[in-house]
Amino acid sequence: MKLQAQLLDITYKIIENTAIIYLYCLSDRGKNIIAKVDSFKPYFYVIPQEKESDLLDRLKAFKVIRDEKTIKITKVEEIRRDNQKVYKVFTNIPSNIPILKDEVKIWPEVKGKREFDIAFTRRYLIDNDIEPLSWIQIIGIEEETTCNEDIFLHVKEITKVKSKDELSFNMLAFDLEVLDEKIIMASFYSKDFRKVLCIKDFPTKQKYVKVVNNEKELLEKLVEIIVSRKVNVLLGYNTDRFDFEIIKERAEKLGVTLNLGVDGSKLFFVKRGLSHSARINGRINIDLYAFVENLIQQELKAETLSLNSVANELIGEKKYDIDWDEMESSWKKEQNLATLSKYCLKDSELTYKLGEKLVPVVFSLSVLIGQIPFEVSRERYSQVVEQILIKHSHIKKTLIPNRPSKDEILKRRGNSYAGAFVLEPKGGIYKNLAMLDYRSLYPSIIVSHNISPETLNCDCCEPKDEIMGNYFCKLKKGFIPEVLEKIMKERFTLKSKLKKLKSGSQEYQDMYTRQVALKYVLNATYGYLAYSGARWYCNECASAITGLGRKYITETIEAARKTGLNVVYSDTDSVLLQGENIHERAQDFLIKTNKKLPKFMEIEIEDFYQSGVFTSTSKGVGIKKRYALLSENGELRIKGLERVRRDWCALAKDLQEQVIKLVLTDQNDAAVKLVQETVDALKKKEIALKKLQIYTKLKKTIDKYEIMTPHVQAAKRAIERGLEIKVGQTIRYVITEGEGRISDKAEIIKFATNYDSEYYIENQILPAALRILRVLGYSEDDFLMKGKQTSLSKFAG
DNA sequence: CTTGACCGGGG
DNA sequence: GTGTACGGTCAAG
């Protein structure tokens, strides 16, 4: 039988002491294909010493007994890698590899061991050059299967085929509502499907609501929905750390079998760091929170990664605003269940829409680095970079470096080097601004200067053109610059093709997400070289990259000053320029600068800003990385300020944002007046407690806290008064009137009847407002003089 | 200044 | 199990 399909997922099982790889695919006719491969064998490399005499024979004959099982080397091949002889040592099952490598590494004839920790299914994909989600042709013998709609194949041969149109995957988002550690509702959202399962009956006209008898039935229905809808991509938000944990726990307790796999297999968990991720054979389980946290966060303005703020920023939609305490009591009183079900469905809807936006990016990363979407969607930047380097290392037939040992990692963490250049701004308000930045500064430096672990202080060149005490080979192209240059060139080609395509088309979409995937790898490579856990770690490389970065940016600053422009600020790869006729002058400066730069390097205009505020300390020293800019089309860009942090009360955050807006639009007096009014209102106790609450999460039981922070103290007192507070609950507290430390005065909002004006004025309102107003010459005293306007009037006008 | 504890998202 | 998270922030020492 011959067919064409897209690979979605891969696992392996041990059957009769043989490793069988299962490829879960989707055929061009929309059928689930399970293809079995039994011909691929696990292996690792042994590097022999110069004098090795009979190592080959010793390896071939080697066996060891573990847990009454004989572990054997089944085959040894002699091959060449990196201009040396190495032995490719095979065994029958993957778990033998770590045992075998530990046995042979102490032999005197063995110099080293390599590639013993490349995951088995990953190894299969790399060695056979199979990219997930790309089209493959499978030739095999059909086997009988218990799941009648699937095709079960024993693989003879797999080849790549030219890309066809992408299949449309069945994507489904789900969300749970949990109360007292029980699942009370579950919602599902797909293109043409929405459903809310609820364990309590309530009158509703909504067709999507399905009342179930109990939690057990809810879980059974959940399984049924995923299986019967033939879900290929299962989406959720924070499902690794929350929803699946609950599902597992409750299913065990209630005796529900979670046979969710396309082959009817049970859901299982794989350890990734400290959290466990649910694996469902043949279906792609994506936790969008993990993906956002690891890869998307950097480019978001949102400083919290809640579904609400991420969805708001990426798809322009928000959750329904509900009060969770109210919701809890209405659930118990069986009121307002329709509202709760609407809320629950909305979460799934937002997750689904976020998925529509982010899953294509996950998929293009998958294709680019050759790893399944399950893995890619949970990886950090460093892992993404490492995986693409592993892929290219295999293509180039070079040995992949080993992971560092624990000791080595600790040693590396002690290494330090000078970072990026940040120009200290002068606190104040600025107008007529242009932000210029280097296009991919660090990647372009790596390529232009051939920075790589193997080109570092090479033997073939004269040690000249030193950067931070080191030099890089001028004759042979380094591994990392070679990979990055390919990526930069491909991205450049894609971007120019994109300009000619219609932005709505599928082709445009595919190319666009591909270039986004390439961008991630480009931007993360510098950080990877400095990452202590990296296989291709190179502290000297990282140091050279930032050294050159400082050189380029400081030269740019000098050049800008020479043309008479004021350089207000500069951080790493950008300069904020100020002056009359800023548009023309920035453009001129850009052209002049680019002429002098080496190949691959380029400076661009990021945006023009009508005004900006840079903050300063009480002593008048400008603060780096804390500022706000107002673009010419009215967009506010706030960096590093308190506005969105949840350990600040709403009153302080709102006030800060209003103050920023006012001072950036020439309304300083109104800003000052607003702050004074807020202070006065606080003193007169006119502010609602709701605006003064501070949110902090209780992560463990009270007695486990060593440091009694305000939220812990507030929770403790509330429990003493009989309130039930569970681990994981967000404590909403207010600082009330009284004596002692701040934590002594912290009370849960329910028990707070008053507030400490002094605390809110001095620790919340004034710090937030003065962060901005200090640059205009104001200090605490200006707002603390009771009722006296004299000190303020000196700045008026 | 360094060290260690805590936290993220979810309900 | 072809293993063992991570980076930022803040209070205490």
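**Exercise 1. Lay out the seven-stranded sheet: in which order do the strands run, and how do they pair?**

Step 1. The sheet is open, with its 7 strands in the order S20-S22-S23-S21-S24-S25-S26, and the pairing is antiparallel. Strands (E, at least two residues) and helices (H or I, at least four) are DSSP runs, numbered from the N terminus. Two strands pair if DSSP finds at least two bridges between them.

Step 2. Find the edges. Strand S20 (422-423) and strand S26 (636-639) each have a single partner strand, so one side of each lacks a neighbour in the sheet.

Step 3. Take one pair. S21 (residues 428-438) and S24 (residues 603-616) run antiparallel, joined by 10 bridges. Ala434 has Phe608 in S24 as its bridge partner.

Step 4. Add the helix. H17 (residues 582-596) packs on the sheet and touches S21, strand S23 (574-578) and S24. The direction of H17 makes about 125 degrees with that of S24. Contact means heavy atoms within 4.5 Å. Axes are lines fitted to C-alpha atoms, for helices over the stretch in contact; angles run from 0 to 180 degrees between N-to-C directions.

The model is predicted: local features need pLDDT of at least 70, side-chain atom pairs count only at pLDDT 80 or more, and totals for chains, interfaces and linings use all residues. Residues are numbered from 1 along each chain as its sequence is written, chains are lettered from A and ligands numbered from 1 in the order written, and side-chain values use heavy atoms, without hydrogens and water.

**Exercise 2. Describe the sheet S27-S28-S29.**

Step 1. These 3 strands form an open sheet with antiparallel pairing. Strand S27 (694-697) and strand S29 (746-748) stand at the edges.

Step 2. The twist averages 45 degrees from one strand to the next.

Step 3. S27 pairs with strand S28 (residues 730-735) over 4 bridges, in the antiparallel sense. Thr696 has Ile731 in S28 as its bridge partner.

Step 4. Helix H20 (residues 710-720) packs on the sheet, touching S27, S28 and S29. The direction of H20 makes about 55 degrees with that of S29.

**Exercise 3. Which parts does the salt bridge between Lys391 and Glu131 tie together?**

Step 1. Apply the rule: a side-chain nitrogen of Lys or Arg within 4 Å of a carboxyl oxygen of Asp or Glu. The count comes to 47 salt bridges.

Step 2. In the pair Lys391 and Glu131, the closest N and O atoms are 3.7 Å apart.

Step 3. Lys391 lies in helix H11 and Glu131 in the loop between helix H3 (120-127) and strand S10 (135-143), so the pair ties together parts 260 residues apart in sequence.
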